[in-house]
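Here is a brief report for a first look at the structure. Keep the sequence and the 3D view at hand while you read.

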Amino acid sequence: MPDVIAYGGDWNPEQWPEETWQQDVALMREAGVNRVSVGIFSWSSLEPAEGVFDFGWFDRVMDLLAENGIGANLATPTAAPPPWFADAYPEALPVDADGRRLHHGSRQGFCPSSPIYREKALRIAEQVALRYRDHPALVMWHVHNEYGCHNARCYCDTSAAAFRAWLRAHHSSLEALNDAWGTAFWSQRYSEWAQILPPRATPSFPNPGQQLDFRRFSSDALVELYVAERDLLKRLTPDVPATTNLMAGAHWDMDCWAFAAELDVVSTDHYLIGARRERHIDLAFAADYARSLNGGRPWLLMEHSTSAVNWQPRNLAKTPGELRRNSLAHLARGADGIMFFQWRQSRAGAEKWHSAMLPHAGTDTRIWREVTALGAELAGLSAVAGSTVSADVALLVDHSSVWAQDHPAQPTTELDPVEEAKRWHAALWRAGVTCDLAHPEGDLSGYRLVVVPQLYLVSDAGAANLEEFARRGGVVAVGPYSGIVDEHDRVRLGGYPGAWRDLLGVRAEEFLPLAEPIRLASGASGSGWSEAVRVTTAKVLDTYASGEPAWTRNEFGDGAAHYLTTLFDDAALARVLAAACREAGVAPAATTVPGVEVVRRAHPDGRSFLFAINHTEREAAVMVAGGGSVTVAAGDVVVVPG
């Protein structure tokens with residue numbers, strides 16, 4: 001990453017007459033823009049007919065950027081194949097689970113397993129790379145765009161063949177696959193590989209193991225597409241970093257851990273969802289996830305919005321100052337680049353109502369004034385670039401577990417592992433505790449506390465990893481319906497929570513989903529879930545009215561493990577996590593003030609930056625750990641060098 005904060009957005013000059021381009025770059029300089037993403041949806045303009053290339057107009061775009069000192073995240077335009085591709089190769093279009101072939105007319109109209117799509121995508125990527133590999137504007141490769149956003153899974157015959165090949169590589173034999181999927185149930189045992197299909201529409205529930213493996217295969221197919229383009233680009237431009245924009249925390253169809261391992265730097269998109277009063281906490285979750293995917297190193301916010309988006313039932317505009325708070329919250333949590341979709345708001349097309357840096361109404365607007373003010377502020381914060389965020393707490397998330405729990409045949413449909421992960425993260429946010437996200441098999445040695453809100457599926461390696469963390473002195477807090485099945489979605493026998501009975505010192509024999517909230521002895525309430533559980537070595541800290549355990553604590557090795565057998569209400573969950581933090585020696589960076597976010601970034605040489613972000617309508621005084629205080633006006637952000 002550069003030693004400045006990257007600032008800008010997607011520039012799509014092909015949408016506009018060429019006479020606007022000079023105006024665009026002049027306004028970019030006025031706004032403090034130093035980076036734009038270009039070419040993302042340009043395939044039909046760069047290759048208007050198959051094998052016919054037109055780069056003259058794009059040469060002028062790249063030259064304009066170089067002349068004005070603006071770097072390019074140069075995209076391979078492979079997320080949106082042109083109409084000629086669909087017309088010539090209809091067999092490469094995606095097919096849904098009901099067997100319907102989806103047609104051209106939007107974007108991502110391709111089957112990820114299609115060899116024809118890969119061939120044509122690599123050809124246009126190579127043409128772009130050969131043309132611009134020595135261009136002074138080129139700073140980074142932006143490969144594709146939002147992989148899997150609309151075509152995460154394809155059920156066509158080509159995908160079926162690729163799925164079978166993937167299964168052969170991941171299961172030692174057909175008999176091993178039958179065992180992993182439990183095909184003895186419902187007479188599903190396979191006698192030939194050719195009999196296996198994607199989990200297309202069926203009369204009843206699909207096989208859980210089949211569905212899980214298909215989700216894994218589909219994610220791997222997208223990673224393979226990225227790697228194929230990345231490797232081509234690296235061969236031609238070995239010193240230019242490559243990335244693709246994930247949608248960490250919002251889009252769960254791809255395994256972000258697997259994708260991130262292939263990126264030179266993690267970049268992600270984030271958009272506020274719905275009308276939640278505390279949408280900024282969801283933003284923090286996504287930012288913490290992006291930082292964690294990049295191993296704690298600085299990352300790039302490739303897209304967010306200046307105001308409203310266009311794809312929700314009710315597209316709420318951001319309030320005055322929210323653009324700045326959102327941007328600086330991402331910066332506080334490790335981003336070294338703040339970019340938007342898009343530079344100039346579209347006049348036509350499906351995203352014409354999506355806000356932009358330069359709105360329909362032009363420069364005499366609130367949004368433009370906030371955009372230019374933010375550009376100047378980020379230029380003054382260039383010393384932040386390269387610094388990192390440290391966290392003492394890790395929250396475990398795994399896409400395979402989310403996918404497995406997504407199967408419809410569950411004890412209840414009211415358990416949502418993603419929302420529960422966000423709820424535990426929000427409790428830590430309100431306590432002023434910065435939290436990383438971590439894979440169950442990842443390195444946990446640098447943390448004091450590991451929380452596991454809801455991890456239905458865990459591998460043997462992941463289960464042992466958490467036990468070893470506690471054995472070495474770490475504190476663990478585990479939520480209900482965790483450790484239940486192995487990596488193939490097979491129940492761990494002998495009582496729940498199978499993987500962690502010894503760690504938690506409990507044994508449950510039956511799940512008892514709740515129709516109504518239940519009162520606990522402490523006065524707290526639980527909802528959605530309970531368990532018929534007895535302690536083996538744990539101590540009971542809270543109970544149901546019946547006397548059965550609701551919250552337990554077990555000493556394990558040099559550490560300890562807490563367990564919740566129901567979904568504690570928000571206030572009670574906060575008390576549980578506060579107790580776990582105290583036991584682990586975890587403290588916030590500042591005295592917590594409701595609605596005020598405090599995060600610290602630091603350089604190895606000792607320079608640091610404390611971000612205090614006031615999301616409330618009241619002035620707040622924040623007492624900083626180690627002494628001193630910071631006063632933050634309502635809706636304001638203060639950055640204190642240290």
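## Overall build

Take the contacts in the protein chain between residues at least 6 apart in sequence: 71% of them join residues at least 24 apart. This is a predicted model. The protein chain holds 17 helices and 26 strands. Its C-alpha trace spans about 75 × 70 × 45 Å along the principal axes.

How does the radius of gyration compare with that of a compact globule? For 642 residues, such a globule would have a value near 26 Å; the protein chain has 26 Å, so the two agree. Of the 642 residues, 59% count as buried. The protein chain exposes about 24,800 Å², and carbon and sulfur atoms supply 50% of that area.

## Two pockets

Rolling a probe the size of a water molecule over the atoms shows where empty space is left. The largest pocket has a volume of about 1,300 Å³. It is lined by 46 residues, and the closest to its centre are F41, R107, E146, H150 and E351. Helices α2 (43-46) and α14 (417-430) each supply at least two residues of this lining. The most comes from α14, with 3 residues.

The second largest pocket holds about 730 Å³ of space. Its lining has 26 residues, and those closest to the centre are R277, H280, H615, T616 and E617. Here α10 (279-293), α11 (322-332) and α14 each supply at least two lining residues. Helix α14 thus appears in the lining of the largest pocket and in that of the second largest pocket.

The table divides each lining by residue class.

| Pocket lining | Nonpolar | Polar | Charged |
|---|---|---|---|
| Largest pocket | 17 residues | 17 residues | 12 residues |
| Second largest pocket | 8 residues | 9 residues | 9 residues |

## The loop between β4 and α6

Most residues other than glycine have a negative phi, and most peptide bonds are trans. Which sign does phi have at H144? It is positive, about 60°, although H144 is not a glycine. H144 is found in the loop between β4 (138-143) and α6 (157-170). Its relative accessibility is 0%, so H144 counts as buried.

E146 sits in the loop between β4 and α6 as well. It is not a glycine either, yet its phi is positive, about 50°. Is E146 buried or exposed? It counts as buried because its relative accessibility is 6%, and the cut-off for buried is under 20%. E146 is also one of the residues closest to the centre of the largest pocket.

## Cis peptide bonds

The peptide bond from F341 to Q342 is cis, with omega near -5°. Q342 lies in the loop between β9 (335-340) and α12 (366-380). Another cis bond runs from Y496 to P497, with omega near -10°. P497 belongs to the loop between β13 (475-478) and α16 (501-504).

## Two further residues

Q211 is part of helix α8 (residues 208-236). It counts as buried because its relative accessibility is 14%. Leaving aside residues up to four places away in sequence, Q211 touches P199, P206, W403, D406, H407 and P408.

A275 is placed in the loop between β7 (267-269) and α10. Its relative accessible area is 59%, so A275 is exposed. A275 and L316 are 41 residues apart along the chain, and their C-alpha atoms are separated by 7.4 Å.

Notes. Residues are numbered from 1 along each chain as its sequence is written. This is a predicted model: local features need pLDDT of at least 70, side-chain atom pairs count only at pLDDT 80 or more; totals for chains, interfaces and linings use all residues. Side-chain values use heavy atoms; hydrogens and water are left out. On a 1 Å grid over the protein atoms alone, a cavity is a set of points where a 1.4 Å probe fits but cannot get out, and a pocket is an open set with protein on both sides within 12 Å along at least five of seven lines; lining residues have an atom within 4 Å of a point. Grid points are joined across faces, edges and corners, and a volume is the space filled by probe spheres set on the points. Helices (H or I, at least four residues) and strands (E, at least two) are DSSP runs, numbered from the N terminus. Ala, Val, Leu, Ile, Met, Phe, Trp, Tyr, Cys and Pro count as nonpolar, Asp, Glu, Lys and Arg as charged, and the others, Gly among them, as polar. The radius of gyration is taken over C-alpha atoms; the globule rule is 2.2 Å times the number of residues to the power 0.38. Buried means under 20% relative accessible area, exposed over 50%, partly exposed in between (1.4 Å probe, protein chains only). Contact means heavy atoms within 4.5 Å. Accessible areas come from the Shrake-Rupley method with a 1.4 Å probe; for residues, only the protein chains shown count as cover.
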